[in-house]
Each structure stands twice: as C-alpha cells, then as structure tokens.
Amino acid sequence: MKKYDPQEIELRWQSFWEKKGYFRVTEDRTKQKYYLLEMFPYPSGKIHMGHVRNYAIGDVVARYKKMRGFNVLHPMGWDAFGMPAENAAIENNTHPAKWTYDNIDYMRTQLKRMGFSYDWDREFATCRPEYYRWEQLIFVKMFKKGLAYKKKTYVNWCDLCQTVLANEQVVDGCCWRHPGQEVVLKDMDSWFLKITEYTKELLEYCDKLPGWPEKVLTMQRNWIGESHGAIIRFPMADSDHVIEVFTTRQDTVFGATFMCFAPEHPLVKELTEGTPHEKEVQEFVERTLKVDAFMRTADFTVKEGVFTGTYCLNPVTGEKMPIYVANFVLYEYGTGAIMAVPTHDQRDFEFAKKYGLPLRVVIKPKDRELTEEEMAEAYVDEGILVNSGPFNGMVNTAALDAIAEYLESKGMGYKTVNYRLKDWGISRQRYWGAPIPIIYCPQCGIVPVPEDQLPVLLPLDIDLKEGGKSPLPDEASFYETVCPQCGETATRETDTMDTFVESSWYFDRYASPRYEHGPFDKEKVEYWLPVDQYIGGIEHAILHLLYSRFYTKVLRDMRYLKSDEPFTNLLTQGMVCKETFKCPDHGYLYPEEVKENRCVICGKEIEIGGSVKMSKSTKNVIDPQRLFDRYGADTVRMFCLFASPPERDLEWSDEGVEGSWRFLNRIWRLVFDNREALSSVEPYNGGLSLSPHLHDMYGKTHQTIKKVTEDIEERFHFNTAISAIMELFNKINQFLNTGGKISPVAWSVIREAVDAMVVLLHPIVPHIAEELWSALGHRDSLVTISWPTYTEKALEKETRLVVVQVNGKVRSRVEVPVSYDDQEIQDQALSDERVQRFINDKTIKRVIVVQKKLVNVVV
C-alpha cells in the first residue's frame, strides 16, 4: 500500500493548484460574489499558531463557498509599516525595509506551505509606495474636507516607542505594544482625523450589523460612549473667559459650589502661568498624569486636587466658585471640566470634605428634610428640588429638560449629547511609516502636497538614529522643499502616519490592487465590497474595526465606495493557549528546555503554569514549521479546526495533534486498502431498493452531508463538522469489517459514502482529500467540483422502534419496517425472545397496538 507522505503530497498539490490558477479570481456578474478576508498579518518573521488557526478557519469557508458556486475573493497581503520593524532593525543592526521584505518572503513561503487558497496575484505590502501613495491622496482629500487637522494638545507618549499613541493604544496606563512601559503625556502639535464627525452614524450602525458578535458591538458602543445632558457656561469671575462644562445632571446646577479641571486641560496652564500657584499646580499635574485613567477614577482612589487661585461664577446663583485641578477628572470626558455638586455626587462630596469646600442641598428625599450638616455621604437618589429657584418642588428627574431649556433661554447653556469618542491622533514621530503629505510655508501656512506630486516617498537610503529616533527631521534632502502655491522655500511634515491608517482601508484596495488611476477601480469595488466575512481576533474590537468603519464612511462620502460598512459578517476567533514552564533561576522556558519536569539548563524542578495565550514572552510557543515538517499541513489544519469552536480559545494539546495525524492515516488506509473494489463500482444514486442494513449506511452518508453543511454554513462549527465526518468514517469501517462477502450494491453504497467523506474533508484537509479523490479514479480536482447535496428520502428511516409492554411494564423494544401494519407489528412483537420469556406459558388475553409505536400484551 502506498504510504501517506504528507510532505510529498502537499507540495505536489500546491504546485498543481498554482499552475492551474484555481484561486485567481476576476469579477463575474453571472455568479454571486463572496469576499472572505482574514486580518492581514504584520511581517514579524515567522507565522505563529494564532496565524495558522485564523487562516485555517478562513480557508475552510473560502473553499466551501467556492464549491457552493460562489465567485470567491480570498486575498492576502502585509501590514508592513510600524514600530516592530524599527525595533527589530535596531536589535539586528539592519534597515527596517530589509527586515520587513525578508520577513515577507519567508512568511509567504510558510503560508503557501499551508495550502491556503489565496489569490496571490492580489498581494501587496502597505510599505510600498504604490500603496501608501493612495493613502496620502485620501489624507489630502480629508484635509481639504476639514476631516484632517493639526492642533496642539496633550498626547500619549511612549519613551520606548519614541512616538505618540492614540487613546485606544493605551492599556491600563501603559503602551499597548510594551506592557509595563508607562505612558506619559506631552504637549505637542499633532495631526488628527475627525472621526467625531461620524460619531452618531458609527453608533447608530451598531444596530445594523446583525452579522457581528454582540460582544464586539457592545465594546464599540461603550467606547463611543453616548451621554445625554447639557452644556452649561460658567463665566470667569475676573475675566471675559467662559468655561463650558458638560453634565448629565443639570438638575443639580443650583448646588454647584466649585469647579474641577482635568490635569491635562489646556486652561490649567493658562490660568496659573506666572501666578504664585503655578509651581504647585504643575507638580500636581505631572504627578497625576503618571497614574492611568482607571486608577485615577476608581472608587477606592483618594480624591486629590490643587487650587488654581482662580474663580468662576455659578450662572444660576451668581456665586463665586473656586477652580481646582482634580485627579478624578478626565480630559477625554465632556469638556475636561466638571461642575462639582458635593451634596449629590460622592466623589465631589469626598473632595469637598477634604478641602473644606461649601455644600448646598438641592435635592431632598420625598419623605423628609435634608440638611448639609447631617450629611455623611452624598444623596444620589431621586427626590424633590429645593434651593433651586423656579424649579423648587419638582421631582429632580422630571426637571432635567425644563432646566436645560431655562439655561438656553438665558444664554447659559443648551441641551446636548456628549460622546466619549475623541478625534483620532495619527501623528507618529517614527521613521518606518507613510509620510504625512503636508508642507509648511512661512507665507501660505499649512499646504497639502498637490495630488499630482504624490507619493511623498519615504527615503530608504537613511538609517535610524540612536534609540530608534526618526532621521527624517534631520534629513534635509527629505524635508527641504518649495511651496506649491507661492514657490518659496518650505519644509515637509516629518511625522508619519499611525499604522492603523494603512489597515483601515486595505480591504478596499484588494478589489483592484494594481489600479494606477486612483485608490480603487470603481466597477471592481462596487462588485466586491463590502467584505462578506471578516475573521480576526477580539483584541481588534475597538482600534482596527472602529477605524475601518470610519474610513469606509469617509470613502463613501468621497464617492469612492457605495458601502456604509466594511464587513457584513465578523468572526472573532479565540486565542491559542498553552501551559507555561518556569524555572526559579532561568524564568520561562521553551518546551524543549524541559525534561521530566526539570530545567535542562540547571536541573531544577520547574513550575508548570496555567494555560495562557501563546507568547514569545512566556515561551509557551509552538513553531508551526516544526509541525509542518513532522506531520504536514493537513494535520495541523485539522487539529486547529477540531480542538475548539472558532470563537473560543484553543487549548494546545500535543496528544490532539497526534490524534489528528492518526485519523488522517486511518482514512488513507481505508481508501487504499479498498481502492480496487471501490474503483470498480459507481457511487449509489438511489435507483435500487436497499436492505435495512444498506439503507442505514445510505442514510448515514446523507445525514453527514446535511450536518457538515449546516455546521459550516450556519455556525462555523468545524469541530462538530469534523466529528460528524469521523462518525461516518467509523460507520464505513464497521461495515467493511463485519465479515462476509460484500455485494456490488453494497460496494456502490460504500463508494458513495467514501466519496462524500473525501469531498466533505476537502475544505478542512485539502491535500490528502485531493490525493484520495484521485486514487478513487476521479479526474477532476476537488477545487472544481460542487459541494454534495443530501437527499431527503435518504434521511427517512426504513424502520421504526416499537416499545413492547407485558401487563403494562416495558419488557422489550423491536425494530420493524415502517411499512408494517398493526397485525405485522403484533406478530413481530410476540415473536421477540424477551417478550416470549415474560409470556412463557401464560394465556394471552389481549394485544393492543397503539399508533404503531407501542404494543401492550395482556396475559
């Protein structure tokens, strides 16, 4: 028998598919399109098991849809700009471009080795000028529409990255790429994209994405953060300044006795500069900004602040209110300033008590009076307004609209909706990124680079500065230019774009990746977009997915696209997890550094940790290449798909990989052991009547087709689909091993079952499926055939189970043909051996057959 040699088989079939061009695709309006996309990888050097799982999931769906007759677009490319390339270049003393392109070449080879059905003709890397040229064009158009602007602001700064981070890239006060690296705030000029222009639509469309996981939509809704309330204007006591405050509790405005600014509020510096309070305030600001937002606002955190030496006026009472800077106020929320009502907000209450600030009750319980002197905590429940001018006696919650209207009528404020979402800061002080296409002219100011002068090329003949600092600000050949409007000497912007900009529209470019007359070929994007199925990690629920939705709406309004949303359906697959090994002296160990629960370096007993996400930092990684070399790609694919539903975490198991390998070998042996007999008959087509035994086999085949189809089509539960195929395999195996001669009709039924099993396996393990299909005598590649359909008649049972009672007690169960009438059912029930034992020599008084499901024998 021919031995199963996955390395030889897989390379041969991959070469065959590539030569035939089976996965190259063009627009075909006679077919329904299906655009399937997995989040493209960063070229980090090697693919990891997270990549393998993600792309295996996508490949099953792509191959399945192709077999269902869809025109399938399944592209691949590289998210190639970014800080990791710079950091690796520093570590390896090389250029980021060389490191990136070398990695792309290596990872492309690895992905091809997995047999994924990508249209490689559409491949691109975002670091290529032919890609970022159009990114710069979109930026210029956004600038002209007022959607890209520059302003001085406090920005999140990571010293390790030497760049600015967006709010979404700060996790627990640390850099998202460097956990543990504290992010600090810097005051600097930065470029922003006006995502807030689309806030309302982004929020509303969360209700129009039924194909997205509710968990992701909830995360996006929370990040956008809609709050209904009012803007209230507080005039400064000794200047013409007016401070605007957003609040959801305008019902308490008569009780506001002081104001608090966020430490990073621009007015803090303006109000205190050159005053006796400047030093103390600045020290407090610097100290507070080192604490992450969660800790600053946590209930258990001590409320602290510092007086600015300035006052504002309560617009409804006219009383002076001292202005403080407080640690619990966040600049991202509202206007970055709050009116403090200590009697009806616990944080304000604690702050007022600490600093001896006045309290005024403006809401009392419905059943009693409330005085400031008796309060041990803030009163935060519903009640009756007091000390609130014309609104006294009203229920506070019922007065919200009336007070907002009163403020508006007096020019003191207005009703509004506030959102947590802030504009997207995209300036990065790094080299390896797309240059921002802006020119600074002493005469004309900020000028966009003319569209016919794009792209602004990133120079590749310069090296990084010490510590990874960008060389662009010091490279005169890059920044020196002339103003396109007046022709005078000018300078280029030396910041580059956040790499999330590249990934916010790459899926659109796949529709026409070689188009040279604009970002997109209009006819092609109209055919392919939106993406029908997008697959990636839950960690991108806010950053990438929200930015992609924003970009899609911008490009729609620029008339490049017709889609409102980028992805119709979204699958967020779980992580790949594995236990960790830790040595007391050498820290985390790779699996090969452990033998018999001891560190091979020092011999000490190791600590086996819980299962966590595979990571280089914890060294619990499995190299996919090692698995390809030992088992082949199909075994790795099967394990990743069988071990867990895609939306759940996958627990790594070496035994599970071995199990997948053994199963594929068993299928291989079944086909080749019976190849001659199987090849001598045609698959059963339902024309001949079958014995109950053969009908059972025939029915199992069609049950499996139905089950696998539903599991892939409706649920993406590949694990249960594979389990159903395994059950069919076991049924076939049992049938073949019952002994005795197998008739030609039986071989025909078995042939249909084996053919179906191989076809159903194709999207999951395509290489071995192709080889077995060919061995069974088929000339066409599985890539070109249609997905099997099940026959309803085959699912109908030929027999039914009848319960037999003797004197009302269940004594047996018998299988009878569904065609039997009551007398035939009675006869078979009475002839059953177990029933005979209970009847024995007793006299049968009566036999009752109930709905052909129950026989009751009375003796």
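This report describes one helix, a set of paired strands, some unusual backbone geometries and a pocket in a predicted model.

**Helix H7 and its surroundings**

Helix H7 spans residues 214-224, and within this helix Val216, Leu217, Gln220, Trp223 and Ile224 are buried. These buried residues lie on the same side of H7, because they cover an arc of only 125° around the axis. An α-helix has 3.6 residues a turn, so residues three or four places apart point the same way. On the other side of H7 the picture is reversed, with Lys215 and Asn222 both exposed. The buried residues of H7 pack against two further helices, H6 (199-204) and H16, and against the strands E8 (226-235), E16 (413-419) and E25. Just after the end of H7, Gly225 adopts a positive phi of about 60°.

**Strands E19, E21 and E22**

Strand E22, made up of residues 489-492, is joined to strand E19 (residues 438-441) by 2 bridges, and these two strands run antiparallel. In that pairing, Ile439 has Arg492 of E22 as its bridge partner. Strand E21 (residues 480-482) is also antiparallel to E22, and 3 bridges join the two; here Thr481 stands opposite Ala490 of E22. E21 and E22 form a hairpin that has 6 residues between the strands, and in its turn Gly487 has a positive phi of about 80°.

**Backbone geometry in loops**

Two cis peptide bonds and two residues with a positive phi that are not glycines are set out below, each with the value of the relevant angle.

| Residue or bond | Feature | Angle |
|---|---|---|
| Leu454 to Pro455 | cis peptide bond | omega near 5° |
| Leu529 to Pro530 | cis peptide bond | omega near 5° |
| Arg559 | positive phi, not a glycine | phi of about 70° |
| Lys852 | positive phi, not a glycine | phi of about 60° |

Pro455 is found in the loop that runs between strand E20 (445-448) and helix H13 (476-479), whereas Pro530 lies in the loop between helix H15 (522-528) and strand E24 (531-537). Arg559 has its place in the loop between helix H16 (543-557) and strand E25 (567-573), and both of these elements are also among those against which the buried residues of H7 pack. Lys852, for its part, lies in the loop between strand E36 (846-850) and strand E37 (854-858).

How exposed are the side chains of these last two residues, Arg559 and Lys852? Arg559 has a relative accessible area of 72%, and therefore counts as exposed, while Lys852, at 31% relative accessibility, counts as partly exposed.

**The second largest pocket**

The second largest pocket has a volume of about 390 Å³. Its lining consists of 18 residues, and those that lie nearest its centre are Thr247, Tyr333, Ile338, Asp345 and Arg347. Which elements each supply at least two residues of this lining? They are strand E9 (242-247), strand E13 (337-340) and helix H11 (346-355), and E9 gives the most, with 3 residues. By residue class, the lining of the second largest pocket divides into 9 nonpolar, 5 polar and 4 charged residues.

Methods:
Residues are numbered from 1 along each chain as its sequence is written. Side-chain values use heavy atoms; hydrogens and water are left out. Two strands pair if DSSP finds at least two bridges between them. Helices (H or I, at least four residues) and strands (E, at least two) are DSSP runs, numbered from the N terminus. Buried means under 20% relative accessible area, exposed over 50%, partly exposed in between (1.4 Å probe, protein chains only). On a 1 Å grid over the protein atoms alone, a cavity is a set of points where a 1.4 Å probe fits but cannot get out, and a pocket is an open set with protein on both sides within 12 Å along at least five of seven lines; lining residues have an atom within 4 Å of a point. Grid points are joined across faces, edges and corners, and a volume is the space filled by probe spheres set on the points. Ala, Val, Leu, Ile, Met, Phe, Trp, Tyr, Cys and Pro count as nonpolar, Asp, Glu, Lys and Arg as charged, and the others, Gly among them, as polar. The arc is that of the directions from the helix axis to the C-beta atoms. Contact means heavy atoms within 4.5 Å.
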